[in-house]
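Got the viewer open? Here's a short walk through the model, one selection at a time.

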Amino acid sequence: MHNLKDIRKDFDSFEKALEKRSIDIDLNNLKNLDLQNREFIQKKESLEKEKKDISKSKDKSLFEKSKEISLAIEKINEQQKIVKESLEKILSNIPNIPHKDVPNGNDENDNIEVSKSGKIPKFDFTPKSHYELGENLRMLDFDLATKTTGSRFVFVKSKLALLERALSNFMLDTHIMKNGYEEISPPLLASENTMFGTGQLPKFENDQFEIKLEAGTGRKFLIPTAEVILTNIVKNNIIELKSLPLRYVASTPCFRKEAGSYGKDTKGMIRQHQFYKVEMVSIVEQEKCLEELERMTNCATGILDDLELPYRKVILCSGDMGFSAEKTYDIEVWLPSENKYREISSCSSCSTFQSIRMKTRYKNQKKETLYTGTLNGSGLAIGRTLIAILENFQQKDGSITVPKVLRPYMNNLEKISLN
RNA sequence: GGAGAGGUGGCCGAGUGGUUGAAGGCGCACGCUUGGAAAGCGUGUAAAGGAGCAAUUCUUUCAUGGGUUCGAAUCCCAUUCUCUCCGCCA
């Protein structure tokens, strides 16, 4: 969310910056509502002052007048409430402003490759897709998931389940011991206000799974990413400068409706309603966002380096970025069966956008109260890493070589094969 | 499901109708002290919003929303969240 004060200061450049997002929002309406709102505030405040003075004077002859003022204030309040509500509604639906580094563009085709790394494997046979490999090994079972649950779910079995667990542990260990993140095992449900804090609500309610609890309790949602719950750790806090930066990591299941992606990636486990993901979150001083973004992205690519998987780093164009982000790097891993790179991690700086929603602040050296910067990044999506390993490390006989760094996590298993 | 307690500043914690934005402590900042540090002592330290180029100033805020009153952190009602005990389940 944006600060109205800042928008007001330079309305035109705000409007211009938003154009990059190529969505239309009625900013004139916003401008007018803001003007009206402030008029109400001024009227109200002068009345309140008058009333306060009467009360302080304890002059009984003025008590009647004070009552009248109260009525007048009430009237203004009613009018202001309407204005303020629509103001906030508009405001909470405006996305973050893209950073100036961010290339202009409409969709993923306009993203720009920043770097490439690793060696693309060469096969003397036609490489199979992850779901062929997994099904042949009898370790990925989509039909079974359909039977028990429905589409876009999968059973991972046996050695692949072990691999999935190993990936989670390996990634967590790396981020905890090497990269300075604190491990968190968080709740998988988030309250409505928490979902608002990171920007999933109100605009993207359709993508969320809501859980019905007993009546009388607030709304609860399954987290679509651990970002939601990790970032909101600092909701409503004023953090002391010396405890920044805060870095959290968690490995959690994520739940997404994937509404609007019907027919997309229906085969295999690229796009599921439920998947594991290791998520990093950083809370930093606002001017350190971009620096932290580079650091975080390196933490993510470090995992791929360790796993010896080929990947490229892409900077997202303005049209492809998420609602809360000011700048995003996607890390894409090479998938032999598709002969292209696919997203495996997304690292974003959200500048103060989420902090304003969450009311997360810190005091700088000058004792000014400022909004923190927040960042989040996958490090990495476990399901997709599993896919990448299956496809990149497949052998002609359909077996899978286990990446070296994972073997200590898998009883030194070197190869996954039938039996 | 039954019974009870409570939500106050960065944190802890006083405060039951009138300069209370709020005692005290912790933390933090600065200063004194010291060879240096610690301790000790002193001073300072809420947020949001409005007006103003600014210094400044005004309003609001003691979970949230209503009510009583000239006046509410303090009284009344509703909601919400947290905690404790019993039951139930794991």
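Start with the whole of chain A, which has twelve helices and 18 strands. Keep in mind that this is a predicted model. Line the view up with the principal axes and the C-alpha atoms fill a box of roughly 95 × 45 × 40 Å. If you colour by burial, 49% of the 419 residues come up as buried. Take the contacts in chain A with a separation of 6 or more: 73% of them link residues 24 or more positions apart.

**Stop 1: the sheet**

Now select the open sheet of eight strands, and trace it in the order S1-S11-S12-S13-S16-S10-S9-S4. The pairing is mixed. As a reminder, strands of a sheet pair through backbone hydrogen bonds, either parallel or antiparallel.

Which strands stand at the edges? Pick S1 (112–117) and S4 (182–183): each has a single partner strand, so one side of each is left without a neighbour in the sheet.

Stay at the S1 end and add S11 (residues 311–315). S1 and S11 run antiparallel and are joined by five bridges. To see one of the bridge pairs, show lysine 116 together with arginine 312, its partner in S11.

**Stop 2: strand S13**

Next, select residues 340–349, which are strand S13. Eight of its ten residues are buried, so the rest of the structure largely encloses this strand.

Add S12 (residues 327–335) and you'll see an antiparallel pairing with S13 over nine bridges. Valine 333 is a handy marker here, with arginine 342 as its bridge partner in S13. Then follow the backbone round the hairpin of S12 and S13, where four residues lie between the strands. Stop at asparagine 339, which takes a positive phi near 55 degrees.

Now bring in S16 (residues 373–381). S13 pairs with S16 in the antiparallel sense too, over three bridges. Zoom in on cysteine 347 and you'll find its bridge partner in S16, glycine 377.

**Stop 3: the cysteines**

While cysteine 347 is on screen, how many disulfides does the structure hold? The count is zero.

Show cysteine 254 next. Its closest cysteine sulfur belongs to cysteine 347, but the two sulfurs are 14 Å apart, too far for a bond. Cysteine 254 counts as buried because its relative accessibility is 0%, and the cut-off for buried is under 20%.

Then move on to cysteine 289. Here the closest cysteine sulfur is in cysteine 350, 8.4 Å away, which is again too far for a bond. Cysteine 289 is buried as well, with a relative accessible area of 3%.

**Stop 4: helix H12 and its neighbours**

Go back to the sheet and add H12 (residues 382–392). This helix packs on the sheet, touching S9 (246–255), S10 (274–284), S12, S13 and S16. Compare directions and you'll find that H12 makes about 35 degrees with S16.

Last, switch on H7 (residues 158–178), which packs with H12 at an angle of about 120 degrees, the axes 10 Å apart. The crossing of H7 past H12 is right-handed.

What sits where these helices meet? Show side chains for the following:

- From H7: Leu160, Leu163, Glu164, Leu167, Ser168 and Met171
- From H12: Ile382, Thr385, Leu386, Ile389 and Leu390

Colour the contact of H7 with H12 by residue class and you get eight nonpolar, two polar and one charged.

How values were computed
Residues are numbered from 1 along each chain as its sequence is written. Chains are lettered from A and ligands numbered from 1 in the order in which they are written. This is a predicted model: local features need pLDDT of at least 70, side-chain atom pairs count only at pLDDT 80 or more; totals for chains, interfaces and linings use all residues. Side-chain values use heavy atoms; hydrogens and water are left out. Axes are lines fitted to C-alpha atoms, for helices over the stretch in contact, and angles run from 0 to 180 degrees between N-to-C directions. Helices (H or I, at least four residues) and strands (E, at least two) are DSSP runs, numbered from the N terminus. A crossing is left-handed if the near helix is turned anticlockwise from the far one by less than a right angle, and right-handed if clockwise. Contact means heavy atoms within 4.5 Å. Ala, Val, Leu, Ile, Met, Phe, Trp, Tyr, Cys and Pro count as nonpolar, Asp, Glu, Lys and Arg as charged, and the others, Gly among them, as polar. Buried means under 20% relative accessible area, exposed over 50%, partly exposed in between (1.4 Å probe, protein chains only). Two strands pair if DSSP finds at least two bridges between them. A disulfide is a pair of cysteine sulfur atoms within 2.5 Å.
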